[in-house]
Amino acid sequence: MTTIFHLRQWKQKKHKFASITAYDAAFSRLFDEQGIQVMLVGDSLGMSTQGRNSTLPVTMQDMVYHTLCVRRGAPSCLLLTDLPFMSYATPSQAFDNAAALMRAGANMVKLEGGAWLADTVSALIERGVPVCGHLGLTPQSVNIFGGYKIQGRNAVGADQLLTDAKVLEQAGIQLLVLECVPATLAGLVTHELNIPVIGIGAGAMTDGQILVMQDVLGITGNSAPSFAKDFLAAGGDIATAVRLYVQEVETGQFPASEHSFNYEGDSRADYQNATNATSEDQTVASGT
Ligand code: KIV
């Protein structure tokens, strides 16, 4: 059984790990067999599985159903499940909905947002629910961002993200997902936090990586994000593709620089490595 204890050890030993989204038992079994020990029932299922154009319509009923399915296929993985849009708007909603996900087989719930969630996070932890934070491009806020845009590219955004990460760690999150942020910023956050950090479109310096399973298998179509890689093209079959993904993450081959974003702000000491600025308003085609 993989637990958060193993992820903390991997961080200390600098052992990079691959995780993936899963939505059903057939795939979670295969992922488990190919060495993936951390899976996420992401609300990305709204797009990747239900064919919608955002995660917003996904319900608690959907998340419970898919969590039950994934857990049956992979009884011993560390399983994270997303609390969907508006299911944690108040602490009391968060308690009820997190309990439903834990009863369905999740080991940890993930929620999107910064410092405003600190009280909810500590109250969940006190009640026995482990929490994973999610910062950067948080798809439930797509209408606030005005699209799927890379976050933390200037000094204000980067400072805000680092502050949010520290506040959430202080509140008790045990894991953090960073999505679509500059590689140097993700590296800094990973270095500053004691908890493991998992990146998606966040460069090579995070402790682990996660991808949406359809992106790993190259079946997302035209909306495949630029940070993803089609491992099926090289692997030839699904099992080999997944194994290749795991190997490339563990050996540091994935993500390469073409799967990462650069920092564009002032050349402050913290972010000095950032080079090769591109458009500030770049939109990420995203299945997340
Ligand atoms: O919903 C999701 O699949 C996610 C990951 C891509 C991090 O949040």
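How far is an oxygen atom of the ligand from an N or O atom in the side chain of S44? The separation is 2.5 Å, and the points below set this value in its surroundings.

1. Basis of the note. This is a predicted model, in which local features need pLDDT of at least 70 and side-chain atom pairs count only at pLDDT 80 or more, whereas totals for chains, interfaces and linings use all residues. Residues are numbered from 1 along each chain as its sequence is written, and side-chain values use heavy atoms, with hydrogens and water left out.

2. The ligand and its polar partners. Besides S44, two further side chains may be checked here: an N or O atom in the side chain of D43 is 3.0 Å from an oxygen atom of the ligand, and for the side chain of K110 the corresponding distance is 2.8 Å. The protein covers 99% of the 260 Å² of accessible area that the ligand has on its own, where accessible areas come from the Shrake-Rupley method with a 1.4 Å probe and, for residues, only the protein chains shown count as cover.

3. The shell around the ligand. The ligand is surrounded by 12 residues, of which the closest are T21, D43, S44, D82 and K110; a residue is counted as near a molecule or strand if one of its heavy atoms lies within 4 Å of it. By type, this shell divides into four nonpolar, five polar and three charged residues, with Ala, Val, Leu, Ile, Met, Phe, Trp, Tyr, Cys and Pro taken as nonpolar, Asp, Glu, Lys and Arg as charged, and the others, Gly among them, as polar.

4. Strand β3. Helices (H or I, at least four residues) and strands (E, at least two) are DSSP runs, numbered from the N terminus. Strand β3 covers residues 78–82, and because five of its five residues are buried, the strand is largely enclosed by the rest of the structure; buried means under 20% relative accessible area, exposed means over 50%, and partly exposed lies in between (1.4 Å probe, protein chains only). L78, L80 and D82 point one way from β3, while L79 and T81 point the other way.

5. Neighbours of β3. Two strands are said to pair if DSSP finds at least two bridges between them. Strand β2 (residues 38–41) pairs with β3 in the parallel sense over four bridges, and L40 stands opposite L80. Strand β4 (residues 108–112) also runs parallel to β3, joined to it by three bridges, and here D82 stands opposite K110 in β4. Between β3 and β4 the chain passes through helix α5 (residues 91–104) in a right-handed β-α-β crossover, a term that applies if, with the strands pointing away from the viewer, the path from the first strand over the helix to the second runs clockwise. D82 and K110 are thus a link back to the ligand, as both are among the closest residues of its shell.

6. Strand β7 and its neighbours. In strand β7 (residues 197–200), V197 and G199 on one side and I198 and I200 on the other are all buried, and both faces are covered. Strand β6 (residues 175–179) runs parallel to β7 and is joined to it by four bridges, with L176 having V197 as its bridge partner. The β-α-β crossover from β6 to β7 goes through helix α9 (residues 183–192) and is right-handed. Strand β8 (residues 208–211) pairs with β7 in the parallel sense over two bridges, and I198 stands opposite G208.

7. Backbone points to inspect. Most residues other than glycine have a negative phi, and most peptide bonds are trans. K14, in the loop between α1 (4–13) and β1 (17–21), has a positive phi of about 60 degrees although it is not a glycine, and K14 is exposed, with a relative accessible area of 72%. C180, in the loop between β6 and α9, has a positive phi of about 50 degrees, but C180 is buried, with a relative accessible area of 0%. The peptide bond from F254 to P255 is cis, with omega near 0 degrees, and P255 is found in the segment after α12 (238–250).

8. A contact before the first listed helix. T2 is found in the segment before α1 and is buried, with a relative accessible area of 6%. The side chains of T2 and Q37 are joined by a polar contact of 3.0 Å, that is, a pair of N or O atoms within 3.5 Å; within protein, one must be able to donate a hydrogen and the other to accept it, and residues adjacent in sequence count only if both atoms are side-chain atoms.
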